[in-house]
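Open the model in your viewer and follow the stops below. Each one says what to select and what is there.

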Amino acid sequence: LGSCVAVILLDRHARVGGMAHVVLPAASLSRTHDKPARSAEVAVPLLLEAMKIAGADVGRIEARLVGGASMFASLLPAGSVSMGERNVLAARGALRAAGISIVGESVGDTTGRSVWVDVARGSVLIRSVGGEDHAV
């Protein structure tokens, strides 16, 4: 993950989880409309619906956010907001609108990350480029 954000949702009791790969802060920014779930405002409700069908209880679902780096911070004009920051804000807003609590984050900075989710254990492991593995 670079400037994109992984929105990870888990219902540990039901052992149901899912992840959305948020690439754009708003659906209106997409050049094509054949992949609407590239934005948090579309992806989060779709993911929640799929999780409910799989047996999750929305009241038990917890979120974690990973990514949203400013990969090219040195190229941004002073005072501007990076695409990564915009994606993080959009993901937080979509989760707030859905009533889902964020229990962990590994967002921002200027380096990419990889994420592993173990739905059975309800755990999320992050590996940052040049950094130590850590749980979120």
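Colour by secondary structure: the protein has two helices and seven strands. Helices (H or I, at least four residues) and strands (E, at least two) are DSSP runs, numbered from the N terminus. From the N terminus on, their order is β-β-α-β-α-β-β-β-β.

This is a predicted model, in which local features need pLDDT of at least 70 and side-chain atom pairs count only at pLDDT 80 or more, while totals for chains, interfaces and linings use all residues. Residues are numbered from 1 along each chain as its sequence is written, and side-chain values use heavy atoms, with hydrogens and water left out.

**The whole chain**

Show the surface. The protein exposes about 7,300 Å² (Shrake-Rupley method, 1.4 Å probe). Carbon and sulfur atoms supply 54% of that area. Of the 136 residues, 39% count as buried. Buried means under 20% relative accessible area, exposed over 50%, partly exposed in between (1.4 Å probe, protein chains only).

**The largest nonpolar core**

Select Val7, Leu9 and Leu95. Of the 22 residues in the largest nonpolar core, these three touch the most other members. Such a core is a set of buried Ala, Val, Leu, Ile, Met, Phe, Trp, Tyr and Cys residues joined through side-chain atoms within 4.5 Å. Now add the elements that give it two or more residues: β1 (5-11), β2 (16-22), α1 (40-53), β3 (62-67) and α2 (83-98). The most comes from α1, with six residues.

Centre on Leu95. Which residues is it in contact with, leaving aside its neighbours within four places in sequence? They are Val7, Leu9, Val44, Ala63, Leu65, Ile100 and Ile102. Contact means heavy atoms within 4.5 Å.

**A second core**

Select Ala6, Leu10, Val124 and Val136. They are included in a second, separate core of eight residues.

**Arginine 64**

Go to strand β3 and pick Arg64. Arg64 is buried yet has no salt bridge (a side-chain nitrogen of Lys or Arg within 4 Å of a carboxyl oxygen of Asp or Glu). The nearest side chain of opposite charge, Glu62, is 4.4 Å away. Look to Val136 instead: its backbone oxygen lies 2.7 Å from a polar atom of the Arg64 side chain. Beyond four places in sequence, the contacts of Arg64 include Ala6, Leu10, Val124 and Val136.

**Serine 82**

Last stop: the loop between β3 and α2, where Ser82 is found. Is Ser82 buried or exposed? Ser82 is buried, with a relative accessible area of 4%. Add Ser70, 12 residues apart from Ser82 in sequence and 5.8 Å apart in space, C-alpha to C-alpha.

Notes
Lys and Arg count as positive and Asp and Glu as negative; His and the chain ends are not counted. A polar contact is a pair of N or O atoms within 3.5 Å; within protein, one must be able to donate a hydrogen and the other to accept it, and residues adjacent in sequence count only if both atoms are side-chain atoms.
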